[in-house]
Amino acid sequence: MIRFEQTFMNFLLYHQERHNRTYHFLILMDALISAAKHIEHYYLTGALKGNLGLAGDVNIQGEDVLRMDQIAQEITVHYLRASGRVIYAISEESDKIIPINMEGGRYFVYFDPLDGSSNVPHGLPVGFLFGIAKRNLEGLEDGHLRAGKDYIAAGMFVIPTGTFTLALKDAGTWRFHTDETMDFVKPIRMVLPGDTNEWELSFNPAHRHTYSERVQNWIEKNERKYVFRYLGALAGDFHRILSNGGMFMYPAIVNHPDPKKNRPQGKLRLMYEAAVVAFMCQEAGGMAVDEAGAPILDIQPKEHHQRTALYVGSKPLVDDIARVLSD
Ligand code: F6P
């Protein structure tokens with residue numbers, strides 16, 4: 001007998017009906033899923049079609065642009081436009097805010113369509129991360145620079161693994177898998193496990209001596225208690241933490257032997273990296289803080305591409321490092 005699993009769209013429809021919500025969010029999610037599937041297709045065939053290399057441009061941050069970055073950006077903006085539901089989008093791939101449907105749009109979308117670029121030449125996992133906030137429908141327009149606590153949803157596709165995780169405000173974090181028809185199916189509620197035997201630590205060990213002394217000491221004291229894993233793509237690393245518990249961290253770099261390479265403000269982007277995983281983590285029972293030990297979801301962004309340090313995962317671990325950071 002064929003076994004049919006609940007599809008993502010069934011799940012979402014049920015959720016919208018139960019909470020008396022509009023259908024607009026469904027249309028937006030359909031656009032994001034279509035974009036992710038399309039990007040996944042290009043990524044899987046990228047090595048054969050010559051799409052895993054450089055595009056030949058350098059972005060505003062002085063980084064080489066990858067061909068796949070451009071493809072993923074074009075695809076995502078296309079689907080967001082077609083949805084008609086987005087006011088503005090903010091993308092890692094675009095220096096400026098992207099106006100989409102300023103009159104009729106309902107949502108702000110913050111996204112990185114291909115995160116984890118060092119994995120791209122190898123065809124290894126990358127992430128498509130997004131956060132969604134809603135226009136203030138009554139009263140004055142309330143701007144697009146929203147703190148994570150104001151997101152209504154956040155999610156990530158781990159490309160090309162066919163997994164998709166979505167957190168809905170006050171309704172939990174859910175993981176889906178693609179079946180052979182390329183539908184996302186089988187919602188699994190993600191709750192960070194309490195069993196510390198499974199917990200993992202994840203950070204770039206090549207950088208550990210560039211962290212502040214207090215962070216280095218914390219690592220020294222705690223690292224032997226947990227398994228260590230690092231993929232180098234936030235979506236993949238955070239995917240494991242959500243399943244197994246533990247903590248992912250990308251601390252501020254303050255002790256680099258070449259001071260020009262210090263990043264006291266952190267590396268990861270607040271709006272479409274750190275706040276996205278922090279939101280998913282909170283809905284799964286965890287938390288996330290910055291280098292001052294303050295909640296990531298409370299940070300009010302001052303600009304689109306603001307960076308932050310990030311410590312995200314199981315509450316007891318994040319609480320512990322937050323105490324050290326805020327001391
Ligand atoms: O910000 C992009 C990103 O590729 C993340 O996905 C990842 O967690 C991090 O940077 C990896 O950085 P590094 O190569 O310094 O470990």
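In this predicted model, the ligand is surrounded by 13 residues, and the closest of them are Asp115, Asn204, Tyr230, Tyr250 and Glu273. Sorted by class, this shell holds six nonpolar, four polar and three charged residues. The ligand sits in the largest pocket.

Several polar approaches to the ligand can be described in terms of distance. An oxygen atom of the ligand lies 2.6 Å from an N or O atom in the side chain of Asp115, and an oxygen atom of the ligand lies 2.8 Å from an N or O atom in the side chain of Glu273. The backbone also takes part in the list, since a polar backbone atom of Gly116 is found 3.5 Å from an oxygen atom of the ligand. On its own the ligand has 400 Å² of accessible area, and the protein covers 83% of that area.

**Helix α6**

Helix α6 spans residues 234-244, and because eight of its 11 residues are buried, the helix is largely enclosed by the rest of the structure. The buried residues of α6 are Leu234, Ala235, Gly236, Asp237, Phe238, His239, Ile241 and Leu242. After α6 comes Gly245, a residue with a positive phi near 85 degrees.

**Backbone features in the strands and loops**

A cis peptide bond, with omega at about 5 degrees, joins Ile159 and Pro160. Pro160 belongs to the loop between β7 (151-159) and β8. Strand β8 covers residues 163-168, and Thr163 is found in this strand. What relative accessibility does Thr163 have, and how is the residue therefore classed? The value for Thr163 is 9%, and because the cut-off for a buried residue is under 20%, Thr163 counts as buried at that 9% relative accessibility. The side chain of Thr163 is joined to the side chain of Thr161 by a polar contact of 2.9 Å.

Positive phi values also appear in residues other than glycine. Met182 has a phi near 70 degrees and is placed in the loop between β9 (172-178) and β10 (184-190). With a relative accessibility of 33%, Met182 counts as partly exposed. Lys186, for which phi is near 65 degrees and thus positive in a residue other than glycine, is found in strand β10 itself. Lys186 counts as partly exposed, at 39% relative accessibility.

**Pairs separated along the chain**

The table lists pairs of residues by their separation along the chain and by the distance between their C-alpha atoms.

| Pair | Separation in sequence | C-alpha distance |
|---|---|---|
| Gly127 and Phe157 | 30 residues | 5.7 Å |
| Val109 and Ile90 | 19 residues | 6.4 Å |
| Ala154 and Val277 | 123 residues | 7.6 Å |
| Phe228 and Pro205 | 23 residues | 9.7 Å |

The surroundings of one residue from each pair can be added to these distances. Gly127 is found in strand β6, which runs over residues 126-134, and Gly127 is buried, with a relative accessible area of 0%. Its partner in the table, Phe157, has a C-alpha atom 5.7 Å from that of Gly127. Ala154 has its place in strand β7 and is likewise buried, its relative accessible area being 0%. From Ala154 to Val277 the chain separation is 123 residues, while the C-alpha atoms are 7.6 Å apart in space.

Val109 lies in strand β5, residues 107-115, and with 0% relative accessibility Val109 counts as buried. The C-alpha atom of Val109 is separated by 6.4 Å from that of Ile90, which is 19 residues away along the chain.

Is Phe228 buried or partly exposed? Phe228, which lies in strand β12 (residues 227-228), is partly exposed, with a relative accessible area of 35%. Phe228 and Pro205 are 23 residues apart in sequence, and their C-alpha atoms are 9.7 Å apart in space.

Notes:
Residues are numbered from 1 along each chain as its sequence is written. This is a predicted model: local features need pLDDT of at least 70, side-chain atom pairs count only at pLDDT 80 or more; totals for chains, interfaces and linings use all residues. Side-chain values use heavy atoms; hydrogens and water are left out. Buried means under 20% relative accessible area, exposed over 50%, partly exposed in between (1.4 Å probe, protein chains only). Helices (H or I, at least four residues) and strands (E, at least two) are DSSP runs, numbered from the N terminus. A residue is near a molecule or strand if one of its heavy atoms lies within 4 Å of it. A polar contact is a pair of N or O atoms within 3.5 Å; within protein, one must be able to donate a hydrogen and the other to accept it, and residues adjacent in sequence count only if both atoms are side-chain atoms. Accessible areas come from the Shrake-Rupley method with a 1.4 Å probe; for residues, only the protein chains shown count as cover. On a 1 Å grid over the protein atoms alone, a cavity is a set of points where a 1.4 Å probe fits but cannot get out, and a pocket is an open set with protein on both sides within 12 Å along at least five of seven lines; lining residues have an atom within 4 Å of a point. A molecule sits in a cavity or pocket if more than half of its atoms lie within 2 Å of its grid points. Ala, Val, Leu, Ile, Met, Phe, Trp, Tyr, Cys and Pro count as nonpolar, Asp, Glu, Lys and Arg as charged, and the others, Gly among them, as polar.
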